[in-house]
Amino acid sequence: MMLEDSPTCKAKVSGVTSWEGHDKDGYIVLELESVDLERRHKEWLKAGASHSFDDYRAHITLAKNLDLNKAEAVVQEMDTYFKAHPTTIVFGEEVAVDRKD
């Protein structure tokens, strides 16, 4: 289902890092800076959405289930690349899907 108010959002890639998730899995993420995504996140919360983290950090998950010690060299190489090559990502229309977990 296409959402009625589905604006495009721009995000600047600010780096690549690794996280240990709440599930204790290792993640590599593309960190994003975006007032558009932050605004959209607040709109979703106001509409009743929820999430399992204390604060919102815009990102794209690139990989999961990793040994973060072994992945550190890759994370550093990717982070160096994106810091040397400014990149903007444009997200298009949002689509809502009913999930049955």
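This is a short chat about a predicted model, covering its sheet, its helices and one aromatic pair.

Trainee: In what order do the strands of the sheet come?

Mentor: The order is S3-S2-S1-S4, in an open sheet of 4 strands with antiparallel pairing.

Trainee: Which strands stand at the edges?

Mentor: Strand S3 (59–64) and strand S4 (88–91) do. Each has a single partner strand, so one side of each is left without a neighbour in the sheet.

Trainee: And what does the twist average?

Mentor: From one strand to the next, the twist averages 40°.

Trainee: How many bridges join S1 to S4?

Mentor: There are 4 bridges between strand S1 (residues 9–20) and S4, and the two run antiparallel. Within S4, Phe91 is the residue opposite Cys9.

Trainee: Helices next. Which strands does H1 touch?

Mentor: Helix H1 (residues 35–46) packs on the sheet and touches S1, strand S2 (26–33) and S4. The direction of H1 makes about 80° with that of S1.

Trainee: Where does H2 lie?

Mentor: Helix H2 (residues 68–84) lies across S1, S2 and S3. H2 runs at about 155° to S1.

Trainee: Switching to side chains: how many aromatic pairs are there?

Mentor: The count is 1 aromatic pair. Tyr81 and Phe82 form that pair, with 5.3 Å centre to centre and 85° between the planes.

Trainee: Why does that pair count as edge-to-face?

Mentor: Because planes over 60 degrees apart count as edge-to-face, and the planes of Tyr81 and Phe82 are at 85°.

Trainee: Is Phe82 buried or exposed?

Mentor: Phe82 counts as buried, because its relative accessibility is 18% and the cut-off is under 20%. Tyr81 has 45% relative accessibility, so Tyr81 counts as partly exposed.

Definitions and conventions. Residues are numbered from 1 along each chain as its sequence is written. This is a predicted model: local features need pLDDT of at least 70, side-chain atom pairs count only at pLDDT 80 or more; totals for chains, interfaces and linings use all residues. Side-chain values use heavy atoms; hydrogens and water are left out. Rings of Phe, Tyr and Trp (its six-membered ring) pair if their centres lie within 6.5 Å; planes under 30 degrees apart count as stacked, over 60 as edge-to-face and the rest as tilted. Buried means under 20% relative accessible area, exposed over 50%, partly exposed in between (1.4 Å probe, protein chains only). Two strands pair if DSSP finds at least two bridges between them. Axes are lines fitted to C-alpha atoms, for helices over the stretch in contact, and angles run from 0 to 180 degrees between N-to-C directions. Contact means heavy atoms within 4.5 Å.
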